[in-house]
Amino acid sequence: MVAASVAQLPLAMAREGEDVRVVRVSGNTEMRRHLENLGFVEGAVVRVVTQGGASGSIVRVKGAQLGLDRTICTHVFVS
């Protein structure tokens, strides 16, 4: 039996005020490692505090509030 796939979207497309769960992180090794060190690991819950569109987002992950530019947000896939 094949497991159902989880709908994924980039963090950049998540709505303000929404809690989402990290499904995967893309990018080169350095990018993935940096995001992992910030707490963006599979299964982590992320709260979108503000969604700034082209300018980026403010998110809360593992108790820390972070400002991420839109490019970074496109490498974190959530459900």
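**Exercise 1. Which residue in the turn of the hairpin that S4 and S5 form has a positive phi?**

Solution. This is a predicted model, in which local features need pLDDT of at least 70 and side-chain atom pairs count only at pLDDT 80 or more, while totals for chains, interfaces and linings use all residues. Residues are numbered from 1 along each chain as its sequence is written, and side-chain values use heavy atoms, with hydrogens and water left out.

Step 1: the strands are DSSP runs of E with at least two residues, and helices are runs of H or I with at least four, both numbered from the N terminus. Step 2: between S4 and S5 there are 2 residues, and Lys 62 in this turn has a positive phi of about 50°. Step 3: the two strands pair in the antiparallel sense over 5 bridges, where pairing requires that DSSP finds at least two bridges between two strands. Step 4: as for individual partners in S5, Ile 58 is bridged to Gly 67, and Arg 60 is bridged to Gln 65.

**Exercise 2. Describe how S3 is joined to S4, and place the result in the whole sheet.**

Solution. Step 1: strand S3 (residues 45–51) runs antiparallel to S4 and is joined to it by 5 bridges, with Gln 51 standing opposite Ser 57. Step 2: the hairpin of S3 and S4 has 5 residues between the strands, and there Gly 53 takes a positive phi near 65°. Step 3: the open sheet consists of 6 strands in the order S1-S6-S2-S3-S4-S5, with antiparallel pairing. Its edge strands, each pairing on one side only, are S1 (9–10) and S5 (64–68).

**Exercise 3. Is Ser 57 buried or exposed, and which way do the side chains of S4 point?**

Solution. Step 1: Ser 57 belongs to strand S4 (residues 57–61). Step 2: its relative accessible area is 4%, so Ser 57 is buried, the classes being buried under 20%, exposed over 50% and partly exposed in between, with a 1.4 Å probe and protein chains only. Step 3: in a regular strand, side chains alternate between the two faces of the sheet. Along S4, Ser 57, Val 59 and Val 61 point to one face and are buried, whereas Ile 58 and Arg 60 point to the other and are not. Step 4: when residues up to four places away in sequence are not counted, Ser 57 touches Thr 50, Gln 51, Gly 52, Leu 66, Gly 67, Leu 68 and Cys 73, a contact being heavy atoms within 4.5 Å.

**Exercise 4. Characterise the surroundings of Arg 70.**

Solution. Step 1: Arg 70 lies in helix H2 (residues 70–73). Step 2: its relative accessibility is 35%, so Arg 70 counts as partly exposed. Step 3: leaving aside neighbours within four places in sequence, Arg 70 is in contact with Ala 12, Gly 53, Ala 54, Ser 55 and Gly 56. Step 4: Gly 52 is 18 residues from Arg 70 in sequence, and their C-alpha atoms are 8.4 Å apart in space.

**Exercise 5. Summarise the chain as a whole.**

Solution. Step 1: the protein chain has 2 helices and 6 strands, and from the N terminus on, its elements run β-β-α-β-β-β-α-β. Step 2: the radius of gyration is 12 Å, close to the 12 Å that the globule rule gives for 79 residues, so the chain is as compact as a globular protein of that length; the radius is taken over C-alpha atoms, and the rule is 2.2 Å times the number of residues to the power 0.38. Step 3: of the 79 residues, 35% count as buried.
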